[in-house]
Amino acid sequence: MNGADPLVEMRDIHVAFGGVQAVDGVSIDLYPGEVVGLLGHNGAGKSTLIKVLSGAYQSRSGEIYVQGRKAEIHNPRDARKYNIETIYQTLALADNLDAAANLFLGREIRQRNGLLDEVRMEAEARQILKRLNPNFTKFHQPVASLSGGQRQAVAIARAVYFEAKILIMDEPTAALGVEETRMVADLIQQLKREGIGIFLISHDIHDVFDLADRLTVMKNGKLVGTVRTQDVTQDEVLGMIILGKMPEGAAQKADA
Amino acid sequence: MTVVGRTLKAMEVDTRILGMVGALLVIWLAFHIWTGGLFITPRNLFNLSVQTASVAVMACSMVLIIVARHIDLSVGSLLGFLAMFMGVVQTEWLPDLFGGAEGPAFGHAWIWVVTLLAGIAMGALIGALQGYIIGFLAVPAFIVTLGGLLVWRGAAWWITTGQTISPLDANFRWLGGGAEGSLYLWPSWIVGIFTCAAICFSIWWARRERRRFDFPQKPLWAEYTIAATLSALVIAFVATMTSYQVPSRAAERVYALRGWEVPEDGVHLVFGIAIPVLILGIIAVVMTILARRTRFGRYVFAMGGNPDAAQLAGINTKRMTLWIFVIMGVLCAISAAIASARLASADNAVGTLDELRVIAAAVIGGTSLSGGRGTIFGAILGALVMQSLQSGMAMVGVDAPMQNIVIGIVLVLAVYVDQLYRRRTED
């Protein structure tokens with residue numbers, strides 16, 4: 001893109017479940033301040049690919065480079081060390097715990113005596129959630145009792161609080177209303193301005209077309225191609241998703 | 001909302017716990033009337049507290065296991081095995097080891113400690129084995145511990161080919177309560193006053209912490225009411241325990257044993273808090289802190305609420321599972337010590353059906369079998385409810401088979417009521 005190193009590069013990733021090639025030799029990259037939409041039908045392998053990056057799955061072969069350096073990601077903890085944060089489609093919240101407990105899950109703040117510093121965690125949670133969603137008030141209830149948008153705010157807060165450099169959002173607006181979808185879009189714009197790279201995964205082109213700088217399309221575990229959003233029409237991308245073919249003329253510019 | 005409802009809400013009292021306390025009081029009153037005034041007496045309540053201790057200790061860690069979406073069916077058998085193991089350690093191995101050339105040193109002062117530590121180590125080891133198979137080899141806990149139920153009961157028999165070990169070490173027997181195993185008058189009051197001070201301190205501390213960040217506070221009167229109520233309960237408990245007189249013959253024995261000077265007007269001794277109840281109290285506090293204030297406890301609840309989320313948050317759920325079962329093994333050993341010490345002997349039937357009592361105590365106490373929810377305090381209350389029913393029915397002469405029928409029905413009913421309550425409060 002503009003000469004800078006990519007934030008993250010996944011090269012020739014292979015993932016197999018049993019005999020099925022879920023991801024078959026896919027390479028993608030992401031630059032600072034960029035939104036890359038990852039598109040494809042359900043089962044195209046996009047979630048699987050991205051779970052390799054977030055440490056939830058292991059690739060059979062292939063390499064990951066973070067800011068030009070080879071990265072070893074074997075579990076979610078490793079991914080977090082590289083400031084890779086993931087907002088899963090399921091949100092990955094423990095429904096029985098409150099917002100602060102979920103926000104800090106796996107990275108709790110402790111007092112000097114080793115016990116959880118619950119008050120400090122609640123204070124931090126209040127601060128960041130107020131910023132993301134001013135209507136957020138239920139700090140002592142289990143997150144099971146929150147609305148879809150508030151639950152999403154908790155999941156996003158988790159990524160933002162820990163200063164993600166690379167943010168993965170899996171179908172972020174699938175379960176949200178119009179108002180909340182707009183809030184997520186605003187947030188993505190804001191994070192982009194802060195120089196964070198974002199992978200936006202969706203099976204619906206309308207969710208990502210206006211937000212993404214580039215679009216990567218997958219079909220049946222294979223990479224169809226990557227295009228710059230400004231070079232293509234929605235129909236052309238739809239063609240890539242359905243037919244698995246690059247549109248005329250766009251192919252050469254993909255890796256610009 | 002009614003005035004009572006508003007008051008309780010301001011105090012942030014868990015109404016489900018309150019309901020259980022209410023149910024317990026109803027049971028106590030009913031048996032008190034039915035037995036013609038024998039149930040709510042210092043003597044009976046003392047016995048009840050001792051009888052509850054063994055199951056309640058195990059229930060404390062069964063809560064963690066069930067919260068993490070596992071189950072342990074082996075605790076009764078494990079208790080039996082560990083009781084036999086500790087029986088052999090204290091009556092055969094250690095006397096020889098400490099005795100040397102002059103023959104076995106029965107009654108050596110260190111025997112009880114070393115025995116208990118050996119039992120705890122063995123319990124932890126067995127817990128680790130079961131936890132490893134469940135966590136790392138991914139065999140369901142139900143199957144592993146069902147196997148354990150058979151294995152450890154069989155192993156208990158094998159230790160002495162079925163012979164009963166009796167009598168146990170004299171010092172070890174204190175762990176089971178009785179005239180020798182109590183705190184008597186002043187130590188009981190010291191424990192009671194210390195507990196009240198700890199309650200007040202923790203309430204004050206929580207308030208101070210919340211002020212640090214300008215959080216909304218409970219009204220002051222609510223804090224005072226809670227502190228006063230809890231302290232009153234502690235004081236009432238100690239007062240009850242210390243008004244139960246040790247029979248004069250047993251009291252003379254204790255005086256002789258401890259080398260106390262006998263006053264001129266004869267011996268007067270009250271039981272006070274029983275040692276097993278003190279042990280239960282300490283374990284309850286430690287386990288509550290572990291469950292609610294440490295990373296470990298937080299992860300247990302996260303695993304129960306959403307195992308996938310826990311894993312994606314970087315929690316090593318396999319290792320967590322192993323440790324949860326290690327804790328269960330340790331508490332089984334402590335329970336085994338209490339149970340066998342109370343009987344003053346170990347036989348391979350100790351702890352039979354205890355797995356069901358322990359699970360029932362946890363479940364009656366509000367632990368959800370689908371995971372993610374449960375409290376230590378609730379489980380102890382659950383154990384007390386079950387023991388109250390059983391003792392009460394025995395006192396009024398209900399046959400053992402009928403007792404089981406009643407307790408079985410109560411278990412199902414308690415869980416049904418709990419679910420009704422949850423459905424109503426969560427919508």
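Which residue in strand 4 of chain A does H14(A) stand opposite? The partner is S61(A). Before going further, keep in mind that this is a predicted model, where local features need pLDDT of at least 70, side-chain atom pairs count only at pLDDT 80 or more, and totals for chains, interfaces and linings use all residues. Residues are numbered from 1 along each chain as its sequence is written, chains are lettered from A and ligands numbered from 1 in the order written, and side-chain values use heavy atoms, leaving out hydrogens and water.

Back to chain A. Strand 1 (residues 8-17) and strand 4 (residues 61-66) run antiparallel and are joined by 5 bridges; strands count as paired if DSSP finds at least two bridges between them. Helices (H or I, at least four residues) and strands (E, at least two) are DSSP runs, numbered from the N terminus. Zoom out and you get an open, antiparallel sheet of 4 strands in the order 2-1-4-5. Its edges are strand 2 (20-30) and strand 5 (69-71), each pairing on one side only. From one strand to the next, the twist averages 30 degrees.

Now hop over to chain B and look for G119(B), which sits in helix 5 (residues 111-135). This glycine is buried, with a relative accessible area of 0%; buried means under 20%, exposed over 50% and partly exposed in between, using a 1.4 Å probe and protein chains only. Beyond its neighbours within four places in sequence, G119(B) is in contact with L82(B), F85(B), M86(B) and A333(B), contact being heavy atoms within 4.5 Å. V330(B) is 211 residues away in sequence, yet C-alpha to C-alpha the distance to G119(B) is 8.0 Å.

Key. Axes are lines fitted to C-alpha atoms, for helices over the stretch in contact, and angles run from 0 to 180 degrees between N-to-C directions.
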